[in-house]
Every structure is written in structure tokens, then in C-alpha cells.
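Colleague: I am still learning to read models like this one, so please take me slowly through one part of it. I'd like a close look at a single helix and at what packs around it.

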Amino acid sequence: MTEGDRPVDRRFPRSVYGVGTEPDPRFSLANERTFLAWIRTSLALLAAGVAIDALDLPIPHAFRFTAGLIFIVLSAVSIVHSWLSWRYTERALRRGRALPGPSTGMLVVIGALIAVLVLAAGLLL
């Protein structure tokens, strides 16, 4: 599989692998581990959201539902963040540019804190 003198790179996504040069594999693998850690976080947030509504907690249903919904939305945000962050970081590595800074992590922390405060408010009623 060569195109002229160079091998054809068929990796997905082309918008990442079609630019720049191959970085040190250790950096790409570290970027992938970070991506997988965010996926793991999103699964934990999803599990928390489902469990809060499914368990028979001594909290009014409206508070449980609201907190569960916040956790589920945070799960979706984490999934999108993991993909975009992996993509931006991999492109920066391939182009030899500075890595992007953290962007969504604080949003997830604040959202989880709000969900916990909703649960705490429900316990106090």
C-alpha cells in the first residue's frame, strides 16, 4: 500500500493523522491514556446519575431526579471533552506546537459539586 514513494496512512481521523509528523509514541500513548481516563470518568458519572434515581434514598424524588440528570449531562460533557481534547492534543503533538490547556475539567467539578449540593439540600428537607 504505497502511494508513490510513501506509504498510505489510512488511520482515522484523517484530520489528525493527516497533518504533521509522527510524534514520539510515548506522547501519543500518554494522550490516549488521558482520553481513556476521561471515558472512565464519564462512565462513573453516568453510573452515579442512574444510581441516584434508581436507589431508594431518603431524598425527595425531585432532588434525586435533578442530581441524577446533572450527573448524566456531565457524563455526556465528559465524553465530548475526551474526544476533542485527544484530537487537539494529538494534532499539537504532530505539529510540534504547545499543548492545549485544560478546558472542561473545572466544568465537570463544578457540576458534580452542584449535584452533591442538590442531594444535600434534599436530605435537609
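Modeller: Happy to! Let's start with a term: a polar contact is a pair of N or O atoms within 3.5 Å; within protein, one must be able to donate a hydrogen and the other to accept it, and residues adjacent in sequence count only if both atoms are side-chain atoms. Keep in mind that this is a predicted model, in which local features need pLDDT of at least 70 and side-chain atom pairs count only at pLDDT 80 or more, while totals for chains, interfaces and linings use all residues. Residues are numbered from 1 along each chain as its sequence is written, and side-chain values use heavy atoms, with hydrogens and water left out.

Let's pick helix H3. Helices here are DSSP runs of H or I with at least four residues, strands are runs of E with at least two, and both are numbered from the N terminus. H3 covers residues 61-95, and Ser-75 lies in it. The helix has 35 residues and reaches 51 Å from its first C-alpha to its last. That is close to the 51 Å expected at 1.5 Å a residue, where the expected span is 1.5 Å times one less than the number of residues. Just after H3 comes Gly-96, which takes a positive phi of about 70°.

Now zoom in on Ser-75. Its relative accessible area is 5%, so this serine counts as buried (buried is under 20%, exposed over 50%, partly exposed in between, using a 1.4 Å probe and protein chains only). What does Ser-75 touch, leaving aside its neighbours within four places in sequence? The partners are Ser-42, Leu-45 and Leu-46, where contact means heavy atoms within 4.5 Å. With Ser-42 we can be more precise, and here the opening definition comes in: the side chain of Ser-75 reaches the backbone oxygen of Ser-42 at 2.7 Å. Arg-40 is another residue to find in this region: 35 residues separate Arg-40 from Ser-75 along the chain, and their C-alpha atoms are 9.7 Å apart.

Move along H3 and you meet Ser-82. Ser-82 is buried because its relative accessible area is 1%. Among residues beyond four places in sequence, Ser-82 is in contact with Phe-35, Trp-38 and Ile-39. Ile-39 lies in helix H2 and counts as partly exposed because its relative accessibility is 24%. From Ile-39 you can look back to Ser-78: the two are 39 residues apart along the chain, but 7.1 Å separates their C-alpha atoms.

So what is this neighbouring helix like? H2 has 30 residues, which should span 44 Å at 1.5 Å a residue; the end C-alpha atoms are 43 Å apart, so the two values agree. Which residues of H2 are buried? They are Ser-28, Asn-31, Trp-38, Ser-42, Leu-45, Gly-49 and Ile-52, and they pack against H3 and H4. You have already met Trp-38 as a contact of Ser-82, and Ser-42 and Leu-45 as contacts of Ser-75.

Ser-28, also in H2, is a useful example to add. At a relative accessible area of 18%, Ser-28 still counts as buried, because the cut-off is under 20%. Not counting residues up to four places away, Ser-28 touches Pro-23, Glu-90 and Leu-93.

Next comes the nonpolar side of the story. A nonpolar core is a set of buried Ala, Val, Leu, Ile, Met, Phe, Trp, Tyr and Cys residues joined through side-chain atoms within 4.5 Å. The largest one here has 13 residues, and those with the most contacts inside it are Ala-67 and Phe-71. Helix H2 (25-54), H3 and helix H4 (105-124) each give two or more residues to this core. The largest share, five residues, comes from H4. Ala-67 itself touches Ile-52, Ala-115, Val-118 and Leu-119, leaving out residues up to four places away in sequence.

Let's finish in H4 with Leu-123. Is Leu-123 buried or exposed? Leu-123 is exposed, because its relative accessible area is 51%. Beyond its neighbours within four places in sequence, Leu-123 is in contact with Pro-58 and Ile-59.
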